[in-house]
Structure formats: structure tokens, C-alpha cells
Amino acid sequence: QVQLVESGGGLVQVGDSLTLSCAASGRTGSNYAMAWFRQAPGKEREFVASINWNGRSTYYADSVKPRFTISRVNTKNTVYLQMNSLKPEDTGVYYCAAQMGAGVSVRGYDYWGQGTQVIVSS
């Protein structure tokens, strides 16, 4: 089992930057692909960014590239999402997720954090 805990969300202004963190624990090692998803109230959860197990491969949704950067520090079992030039449409609950494979589908991820809320005010 893998436990994921997100942190770093908050209320920010348009154009601001914010960095989210996801701390992983449990039986995972460093072999999991990690991803960030987000969800606005009443809307479906959408893919934001993913990173492979060693951090050498990343993938982003068109809506956030190149403003967002996903990274990981395996020695800390932590994944980050650096968000720059934030827009109101970036508002939502951001979730950290993990899987042994790869992909952008919500259904492909086995483990999820509780989410951290990001609100971008205009």
C-alpha cells in the first residue's frame, strides 16, 4: 500500500506562483509513476502532469504547459508541482496519484491523496 498526502494549496492571486507537495509513504520504493490531477466543483477530475519513476520523463496537459513543472525527489519520497502564472481556471482541488505503470487516465492510478485546494482569485 502507498499513502499520499498533498500540501501547499491555498488562495493566491492571478499571476502568482505556488508549489504543491505530495509526500509518499508505505510500500512503494521509487518505482511508481506519479501524477497530479485537479478537479473543480461539479466537474470531472482532469489530468495535469505526470512524472516517471526516476524523474527523467514528464508529461503535461496542454492547459498547464509550460506554466507548471512537476518534479520529484525520491530520497524524500516527495513529488512537487510548481505552478507559475496562475489563472482563475487553475482553481480546483489538486490530487496526487501513483501507479506502477504510466498514463493520463484517472482509472489507471491506484493510489490517491486527499487533495489540496488551490483558489486563484481574479
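This is a walk through the structure above, from its overall build to a few single residues.

Keep in mind as you look that the model is predicted. Start with the secondary structure: the protein chain has 0 helices and 11 strands. Read from the N terminus on, its elements therefore run β-β-β-β-β-β-β-β-β-β-β. The C-alpha trace spans about 40 × 25 × 25 Å along its principal axes. How does the radius of gyration compare with that of a compact globule? With 122 residues, such a globule would come to near 14 Å, and the 13 Å of the protein chain agrees with this.

The inside and the surface can be put in numbers too. Of the 122 residues in the protein chain, 40% are buried. The chain exposes about 6500 Å², and carbon and sulfur atoms supply 48% of that area. Among contacts with a separation of 6 or more, 55% are between residues 24 or more positions apart.

Now turn to the sheet that begins with strand 1. Four strands form an open sheet here, in the order 1-3-8-7, and their pairing is antiparallel. Strand 1 and strand 7 are its edges, each pairing on one side only. From one strand to the next, the twist averages 15°. In general, the strands of a sheet pair through backbone hydrogen bonds, either parallel or antiparallel.

You can follow the pairing residue by residue. Strand 1 and strand 3 are joined in the antiparallel sense over 6 bridges. Beginning at Q3, the bridge partner in strand 3 is S25. For V5 the partner is A23, and for E6 it is C22. So the partner numbers fall as you climb strand 1, as the antiparallel sense requires. On to the next pair: strand 3 and strand 8 also run antiparallel and share 6 bridges. There, S21 stands opposite Y80 of strand 8.

Strand 1 also shows its two faces nicely. Its covered face carries V2, L4 and E6, while Q3, V5 and S7 lie on the uncovered one. This fits a general pattern, because in a regular strand the side chains alternate between the two faces of the sheet.

From the covered face, L4 leads us into the interior. Which residues have the most contacts inside the largest nonpolar core? They are L4, M34, W36, L81, M83 and Y94, in a core of 33 residues. Many strands take part: strand 1 (2-7), strand 3 (18-26), strand 4 (33-39), strand 5 (46-51), strand 7 (68-73), strand 8 (78-83), strand 9 (92-99) and strand 11 (116-121) each supply at least two residues of this core. In soluble globular proteins, nonpolar side chains tend to be buried together.

The surroundings of L4 are worth a closer look. Leaving aside its neighbours within four places in sequence, L4 is in contact with C22, A23 and A24, with M34, with C96, A97 and A98, and with Y111, W112, G113 and Q114. M34 is thus met twice, because it is a contact of L4 and is also listed with L4 among the residues with the most contacts inside the core.

The loops hold some backbone details to check. Between strand 6 (58-60) and strand 7 lies the loop that contains P66. The peptide bond from K65 to P66 is cis, with omega near 0°. The loop between strand 7 and strand 8 is the place of N77. Phi of N77 is near 55°, a positive value in a residue other than glycine. Is N77 buried or partly exposed? Its relative accessible area is 32%, so N77 counts as partly exposed.

S85, in the loop between strand 8 and strand 9, also has a positive phi, about 50°, although it is not a glycine. With a relative accessibility of 41%, S85 is partly exposed.

A last stop is K43, in the loop between strand 4 and strand 5. K43 counts as exposed because its relative accessibility is 56%, and the cut-off for exposed is over 50%. Although K43 and G92 are 49 residues apart in sequence, their C-alpha atoms are 9.6 Å apart in space.

Notes
Residues are numbered from 1 along each chain as its sequence is written. This is a predicted model: local features need pLDDT of at least 70, side-chain atom pairs count only at pLDDT 80 or more; totals for chains, interfaces and linings use all residues. Side-chain values use heavy atoms; hydrogens and water are left out. A nonpolar core is a set of buried Ala, Val, Leu, Ile, Met, Phe, Trp, Tyr and Cys residues joined through side-chain atoms within 4.5 Å. Buried means under 20% relative accessible area, exposed over 50%, partly exposed in between (1.4 Å probe, protein chains only). Contact means heavy atoms within 4.5 Å. Two strands pair if DSSP finds at least two bridges between them. Axes are lines fitted to C-alpha atoms, for helices over the stretch in contact, and angles run from 0 to 180 degrees between N-to-C directions. The radius of gyration is taken over C-alpha atoms; the globule rule is 2.2 Å times the number of residues to the power 0.38. Accessible areas come from the Shrake-Rupley method with a 1.4 Å probe; for residues, only the protein chains shown count as cover.
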